[in-house]
Amino acid sequence: MSYLLIGNISALICNDCVEPLANARIRVYLPAPKSQKQLQQEVEEGIFNDMTALSAKEVLMKADRLLAEGSLDEKGNFSLSWEEVHLFTEALELDLCLDELPGRNGSRQSRNFHLSRLVLHWKRNSDGYVGAYAYVIPAAVWRSIYARAGAWVITGVVKPRFGASEESCLRVEAWNAITGQRIGEAFTNEIGRYTLHFSRQQLAKGSLQMIRPGSQNMGPDVFFRIYRNDQLLWAEDPKMAQVPERQDIGPCTNLNIIYKPSRVKWASDHIGTWFTDMITLTGTRKKKSDHYRLLFHPSLL
């Protein structure tokens, strides 16, 4: 008799953004013998409790009860199958293993968690029995996991100030105002949302990490640049990193970006264009109008 368990596991970055647990592993175990009092307590607490961390020893001690193990795909979906000689009417245990966080972010090590102990509702089909399970990790729990891994994720929606809708395929760059270095980049999806990952190693880049005195999260102060097709669309004033919500950002942060495209070009990016557009005035006598033509050439506006 075959069993197939399908489902999805994801996590809340913020109230309106869910992050799939790509490349995580899920394990299904036969339950350990428990007293009637323990079983009754679990029923009263419910099956969707916050995740609880498991030590390496605890994982090893239950290895002989393992039924199946598999990996989650890029959308957090999984499919596990196994053979068994009887119909499951008792509870099964589901555990999660995070070797690395989404975006291959943070320190790489096995982080094991117990998800749930529950009786699945099996549906009979021509090949055997099919069950389903889904879980969304609460935002507070997900933030603590990111913090312990030395990792950050920034998400939000990008839209023009005077536009009616968000834009897709824009490249969002985050910069660290403390060091003046680029942290990372991400692209907006079809609804204009970006999700950008970076780690403590990326902040340090081989040197001591510079942080603001009194920093609680040990995070950067950030500002952004937006590109369309490798062309700079908008460069935010680095002073925006002084806004409270941009300072010492937490491990899971939601920052929406409202941009106003500008024709002003940064000298560091376009200095060659500036020189070629400058007007060279000849002659011994310069008209007053020529003087203003030089100072206010349209290419500099």
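In what order do the 5 strands of the open sheet stand? Keep that question in mind while loading the chain, which is a predicted model.

**Whole chain**

Start with everything selected and coloured by secondary structure. The chain has 18 strands and 6 helices. Of its 301 residues, 41% are buried. Switch to a surface view: about 17300 Å² is exposed, and carbon and sulfur atoms supply 53% of that. Among contacts with a separation of 6 or more, 72% are between residues 24 or more positions apart.

**The open sheet**

Now return to the opening question and select strands 3, 4, 5, 7 and 8. The order is 4-8-7-3-5, and the pairing is antiparallel. To find the edges, select residues 52–54, which are strand 4, and residues 66–71, which are strand 5; each of these strands pairs on one side only. Look along the sheet to see the turn from strand to strand: neighbours are turned by 30° against each other on average, with direction ignored.

Next, keep strand 5 and add strand 3, residues 25–29. These two strands run antiparallel and are joined by 5 bridges. For a single point on this pairing, pick Val 28, whose bridge partner in strand 5 is Ala 68. If you show side chains here, remember that in a regular strand they alternate between the two faces of the sheet.

**Strand 1 and its partners**

Hide that sheet and select residues 2–14, which form strand 1. Which strands should be added to see its pairings with strand 6, strand 10 and strand 2? Take them one at a time.

- Add residues 128–137, strand 10: this strand runs parallel to strand 1, and 10 bridges join the two.
- Add residues 77–83, strand 6: here the pairing with strand 1 is antiparallel, over 7 bridges.
- Add residues 17–20, strand 2: strand 2 is antiparallel to strand 1, with 4 bridges between them.

Which residue of strand 10 does Tyr 3 stand opposite? Centre the view on Tyr 3 and label Tyr 129, its opposite in strand 10. Then label Trp 82, which Tyr 3 stands opposite in strand 6.

**The hairpin**

Finish by following the chain from strand 1 into strand 2. How many residues lie between these strands in the hairpin they form? There are 2 residues between them. Within this pairing, select Ala 11 and then Glu 19 of strand 2, which stands opposite.

Note on methods: Residues are numbered from 1 along each chain as its sequence is written. This is a predicted model: local features need pLDDT of at least 70, side-chain atom pairs count only at pLDDT 80 or more; totals for chains, interfaces and linings use all residues. Side-chain values use heavy atoms; hydrogens and water are left out. Two strands pair if DSSP finds at least two bridges between them. Axes are lines fitted to C-alpha atoms, for helices over the stretch in contact, and angles run from 0 to 180 degrees between N-to-C directions. Buried means under 20% relative accessible area, exposed over 50%, partly exposed in between (1.4 Å probe, protein chains only). Contact means heavy atoms within 4.5 Å. Accessible areas come from the Shrake-Rupley method with a 1.4 Å probe; for residues, only the protein chains shown count as cover.
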